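Work through the exercises below with the model open. Each task is followed by its solution.

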Amino acid sequence: VEPPAVTFGSPLYGINLPCAAAGSPSPSIRWHKDGIRVTENDLKGVYVSQTGSLIFSLGVDENAEGVYKCSAVNDVGTAVAYGSLYSDKKENSSAETIVVRLGRPVVLRCPFL
């Protein structure tokens, strides 16, 4: 299981917490937030993709902030990874626009870390 990255999100944009896992038999993906199982009905605009990523289609706010655990479960066992999600609450943020060519990698540096 690859751990979800520490992600800083804007309330205006969607966020994707990936959970990549492989195994035989194929594992099912389960998400927990602050120790409580996340279902698609728990948070507005949140769903689990076919690849197991947790998608925040409406962006994030303080209700979505927390520590997330991705669990990959199959008959052989369970593998887990943790990540944190925080909303960018600063009104006068020093945000900049970055243009990325589709399919190309991008590295975003966070001045707060």
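## Exercise 1: The fold

Count the helices and strands, then give their order.

Solution. The protein has zero helices and eight strands. This is a predicted model. Read from the N terminus, the elements run β-β-β-β-β-β-β-β. Next, take the contacts between residues at least 6 apart in sequence. Of these, 56% join residues at least 24 apart.

## Exercise 2: Burial and surface

State what share of the residues is buried, and describe the accessible surface.

Solution. The protein has 113 residues, and 30% of them count as buried. Its accessible surface comes to about 8100 Å². Carbon and sulfur atoms account for 51% of that surface.

Now look for a nonpolar patch. Val67, Val80 and Tyr82 make one of about 270 Å². Tyr82 sits in strand E8 (residues 77-87).

## Exercise 3: The disulfide

Find the disulfide and work out which parts of the chain the pair ties together.

Solution. Start with the sulfur atoms. Those of Cys19 and Cys70 are 1.4 Å apart. The cut-off is 2.5 Å, so a pair within that distance counts as a disulfide. By this rule the count is one disulfide.

Then place the two residues. Cys19 lies in the loop between strand E2 (15-17) and strand E3 (28-33), while Cys70 is in strand E7 (residues 66-74), so the pair ties together parts that are 51 residues apart in sequence. Finally, check burial: both Cys19 and Cys70 are buried.

## Exercise 4: The salt bridge

Locate the salt bridge and classify each partner as buried, partly exposed or exposed.

Solution. A search of the whole structure yields one salt bridge. Asp34 forms it with Lys33, and the closest N and O atoms are 3.6 Å apart. The limit is 4 Å for such a pair.

Take the partners in turn. Buried means under 20% relative accessible area, and exposed means over 50%. Lys33 has 17% relative accessibility, so Lys33 counts as buried. Asp34 has a relative accessible area of 46%, so Asp34 is partly exposed.

## Exercise 5: The surroundings of Ser53

Where is Ser53, and what is it in contact with?

Solution. Ser53 is in the loop between strand E5 (46-48) and strand E6 (54-56). Its relative accessibility is 7%, so Ser53 counts as buried.

Set aside the neighbours within four places in sequence. Ser53 is then in contact with Asn16, Leu17, Pro18, Cys19, Trp31, Tyr47 and Val48. Consider Asn16 further: its side chain and that of Ser53 are joined by a polar contact of 3.3 Å. Cys19, also on the list, is one of the disulfide partners from Exercise 3.

Methods: Residues are numbered from 1 along each chain as its sequence is written. This is a predicted model: local features need pLDDT of at least 70, side-chain atom pairs count only at pLDDT 80 or more; totals for chains, interfaces and linings use all residues. Side-chain values use heavy atoms; hydrogens and water are left out. Helices (H or I, at least four residues) and strands (E, at least two) are DSSP runs, numbered from the N terminus. Buried means under 20% relative accessible area, exposed over 50%, partly exposed in between (1.4 Å probe, protein chains only). Patches are made of residues with over 30% relative accessible area and no salt bridge: like charges are joined within 9 Å, nonpolar side chains (Val, Leu, Ile, Met, Phe, Trp, Tyr) within 5 Å. Accessible areas come from the Shrake-Rupley method with a 1.4 Å probe; for residues, only the protein chains shown count as cover. A salt bridge is a side-chain nitrogen of Lys or Arg within 4 Å of a carboxyl oxygen of Asp or Glu. A polar contact is a pair of N or O atoms within 3.5 Å; within protein, one must be able to donate a hydrogen and the other to accept it, and residues adjacent in sequence count only if both atoms are side-chain atoms. Contact means heavy atoms within 4.5 Å.
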